[in-house]
Amino acid sequence: MAASASAAGLLAACSSTDPADGGAGGPAGAARAESALRLRSFGTSRALLGQYDAVLELHPGESEQLAPLRAAVARHVSALAPKAPGSAKPSASATPAKTAAPGSAVVADEPADALKALAAAERRTAAAHTSALMEAPPELARLLASLAAASAAHAYLLTEGSRS
């Protein structure tokens, strides 16, 4: 018991939380951490969007089912986009138009297999957003929770939902 208390004390002493020195607990450190987390989550969603684009390019016959899901993922990318300095708007370089060059994502030749792979990518995205919740400040955590739920719903629609 005493050992764990002293270990906790040592850990607390090793981390700087003085806002004046830009430590992890200060506003600048918190902003950097949130920005890094947002950027990682943005990259995850942007990669998923690229996979949608690759599947749609190889299997245009699936566009009726995939277009609404792809549009939702594009909105997720926009919501997570890094903000331009001094602005509340996403930076212009973070727009979610076409995100992957044709052929940059490996897509199965069979549409059913491509949809299964897309569902798996949605599940991975949901898991990544969910795991990021622990590090996120409240506003970003709410956004990530919503995006994780949406990705889980997309995975369902791509697998179980297509059976009905």
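Reader: Before I look at anything else, what counts as a pocket, and which residues are its lining residues?
Author: A pocket is an open set of grid points with protein on both sides within 12 Å along at least five of seven lines, and lining residues have an atom within 4 Å of a point. Please keep in mind throughout that this is a predicted model.

Reader: Okay, so which residues line the largest pocket?
Author: The lining of the largest pocket consists of Ala31, Glu34, Ser35, Ala36, Arg38, Leu39, Pro82 and Lys83. Sorted by class, that lining has four nonpolar residues, three charged and one polar.

Reader: And how much space lies in it?
Author: The largest pocket holds about 200 Å³ of space.

Reader: Switching to the fold, how many helices and strands are there?
Author: The protein has five helices and zero strands, which gives the pattern α-α-α-α-α when read along the sequence. Of the contacts between residues at least 6 apart in sequence, 71% join residues that are at least 24 apart.

Reader: What share of the residues is buried?
Author: Buried residues account for 34% of the 164 residues, while the accessible surface comes to about 9,300 Å², with 63% of that belonging to carbon and sulfur atoms.

Reader: Where is alanine 119, and is it buried or exposed?
Author: Alanine 119 sits in helix 4, which covers residues 111-132, and it counts as buried because its relative accessible area is 0%, where buried means under 20%.

Reader: What does alanine 119 touch, leaving out residues up to four places away in sequence?
Author: On that basis, alanine 119 touches Ala155, Leu158 and Thr159. The C-alpha atom of alanine 119 also lies 8.7 Å from that of alanine 152, which is 33 residues apart from it along the chain.

Reader: What about proline 60, is that one buried or exposed?
Author: Proline 60 has 55% relative accessibility, so it counts as exposed, the cut-off being over 50%. Proline 60 lies in the loop between helix 2 (27-58) and helix 3 (63-80), and its C-alpha is 9.6 Å from that of proline 111, although the two are 51 residues apart in sequence.

Reader: Last topic: what is the mean pLDDT, and where does pLDDT stay under 50?
Author: The mean pLDDT is 80, and 70% of the residues reach 70 or more. However, pLDDT stays under 50 over residues 1-23, for which the model has 12 contacts beyond four places in sequence. Residues 92-103 are also below 50, and that stretch has 25 contacts in the model beyond near neighbours in sequence. Where pLDDT is low, predicted coordinates should not be read in detail.

Key:
Residues numbered from 1 in each chain as written. Predicted model: local features only at pLDDT ≥ 70, side-chain atom pairs only at ≥ 80, totals over all residues. Heavy atoms only, no water. 1 Å grid on protein atoms, 1.4 Å probe; cavity = no way out; pocket = protein on both sides within 12 Å on 5 of 7 lines; lining within 4 Å. Points joined across faces, edges and corners; volume = space filled by probe spheres on them. Nonpolar A, V, L, I, M, F, W, Y, C, P; charged D, E, K, R; others polar. Helix = DSSP H or I, 4+ residues; strand = E, 2+ residues; numbered from the N terminus. Buried < 20%, exposed > 50% of the residue type's maximum accessible area, 1.4 Å probe, protein only. Contact = heavy atoms within 4.5 Å. Areas by Shrake-Rupley, 256 points an atom, 1.4 Å probe, with all protein chains shown as cover. pLDDT = per-residue confidence, 0-100.
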